[in-house]
Amino acid sequence: QEFTKHDQREYDDQRALEIHTAKDFIFSMLGMVQKLDQKLPVANEYLLLSGGVREGVVDIDLDELNVYARGTDYDMDFTLLVPALKLHDRNQPVTLDMRHSALCHSWLSLRLFDEGTISKWKDCCTIVDHINGATNYFFSPTKVADWFYESISIVLSEIQKKPQRGMPKVEKVEKNGTIISIILGVGSSRMLYDIVPVVSFKGWPAVAQSWLMENHFWDGKITEEEVISGFYLVPACSYKGKKDNEWRLSFARSEVQLKKCISSSLMQAYQACKAIIIKLLSRPKAISPYHLRSMMLWACDRLPASYLAQEDYAAHFLLGLIDDLQHCLVNKMCPNYFIPQCNMLEHLSEDTVVLHARKLSSVRSDPAEHLRTAIEHVKAANRLTLELQRRGSTTSIPSPQSDGGDPNQPDDRLAKKLQQLVTENPGKSISVFINPDDVTRPHFRIDDKFF
């Protein structure tokens, strides 16, 4: 209930307006990045995920990321996958160059693309000369991330030279490894966007083809076409791989579809288990929330659907996830759900495994106490957020205004007015027009009536 409370707050009218404002700002900013040097595709398709990278929504190593805390640093978090390159015209399974890399990873040669693309992205490649004299350009995740961060910084400094009323305040812009993290202040909310440059593919990779032949929990609930509509390469390296060249396969698009088939009680158990282990198993970094997500998907395939559908079994599922995690640790084995031959824990040392297994045993011996502690953290984060909202602003994040006075008053009044209009006009079409240069004009239109 405590976790759900936070999610439900996202949907009140003021919060919805703030979320929309932040998303518009991020998308406009990316449009300006595209115009800088035309590197990004003109017609691009982003994948927006609820939850930041630290929440395990994509398989990226967390040890390079600065620690941000909900409540202290942000109130809501999102991950945005932004394709730098797209390979969308293929109907057959996509074959990648995996000769140089670990399982579930790949290099990407620009030979797959036209001359225009190669010349555009040459400066973000590592160059390999072959014996026969040919030159091969490999798309570099680290160089792409550097270019992306520099481009975003240029665009944001331009935007901030001409602040507009109601525009989000950019509180933080940081490069965390190959991810760009931006925290925006909008009204009384702070939103973290983890922006990840990716390579986007339509279709399915040949290396994961055998997975499609197996039986799965989602069979009959969603179509295979929905599950295999596309995949990504994300800028993450294997533990022994070459950081400048190696990308990791990501099935984030498929995972969004699979999540629809997971029962609410199992999702509750997953949220609770994640809250417990994120703090407990954070040092040294070994288990990430993405590992837990993979274990949950395997559990869905392994256990009877009738058992997983039990609405009052959340406590059973929590204990089951802890046991599965312990089993994976002790055996140093956590297969990737889509590419099972890839073991995501094989790099762990024996000392790390024993340390975390002991910690997990203490959780298993008194799960209620550990859950209470995790819930207290959530409550504290929620209290911090509510306290900032009560003040009507985030202390260090005023919305830029062209005039003096309380910088957040116009935003709050607008949100309250909109809330009132929504309540009084159920089922009607409501438009909001904001022109800071002419406040005498009507701001609202309900159906065809202005006021």
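This passage looks at how aromatic rings meet in the structure. The model is a predicted one, and a search through the whole of it turns up 21 aromatic pairs. A pair of aromatic rings is described by two things, the distance of the centres and the angle of the planes.

A good place to start is the pair made by Trp 204 and Phe 338. Their ring centres are 6.1 Å apart and their planes meet at 65 degrees; because an angle over 60 degrees counts as edge-to-face, this pair is edge-to-face. Trp 204 belongs to the loop between β8 (189-202) and α5 (224-227), while Phe 338 belongs to the loop between α10 (314-330) and α11 (350-365), so the contact ties together parts that lie 134 residues apart in sequence. Both Trp 204 and Phe 338 are buried.

A second edge-to-face pair is formed by Trp 298 and Tyr 337, with 5.1 Å from centre to centre and 75 degrees between the planes. Here too, distant parts of the chain are linked: Trp 298 is in helix α8 (residues 289-302) and Tyr 337 is in the loop between α10 and α11, 39 residues apart. The two partners can also be described by their accessibility. Trp 298 has a relative accessibility of 25%, so it counts as partly exposed, whereas Tyr 337, with a relative accessible area of 1%, is buried.

These residues are part of a wider picture. Ring pairs join Trp 204, Phe 338, Trp 298 and Tyr 337 into a cluster whose members also include Phe 201, Trp 211, Trp 218, Phe 231 and Phe 251.

Finally, an aromatic ring can also meet a charge: the charged end of Lys 39 sits over the ring of Trp 121, 5.6 Å from the ring centre.

Note on methods:
Residues are numbered from 1 along each chain as its sequence is written. This is a predicted model: local features need pLDDT of at least 70, side-chain atom pairs count only at pLDDT 80 or more; totals for chains, interfaces and linings use all residues. Side-chain values use heavy atoms; hydrogens and water are left out. Rings of Phe, Tyr and Trp (its six-membered ring) pair if their centres lie within 6.5 Å; planes under 30 degrees apart count as stacked, over 60 as edge-to-face and the rest as tilted. Helices (H or I, at least four residues) and strands (E, at least two) are DSSP runs, numbered from the N terminus. Buried means under 20% relative accessible area, exposed over 50%, partly exposed in between (1.4 Å probe, protein chains only). A charge sits over a ring if NZ of Lys or CZ of Arg is within 6 Å of the ring centre and within 35 degrees of the ring normal.
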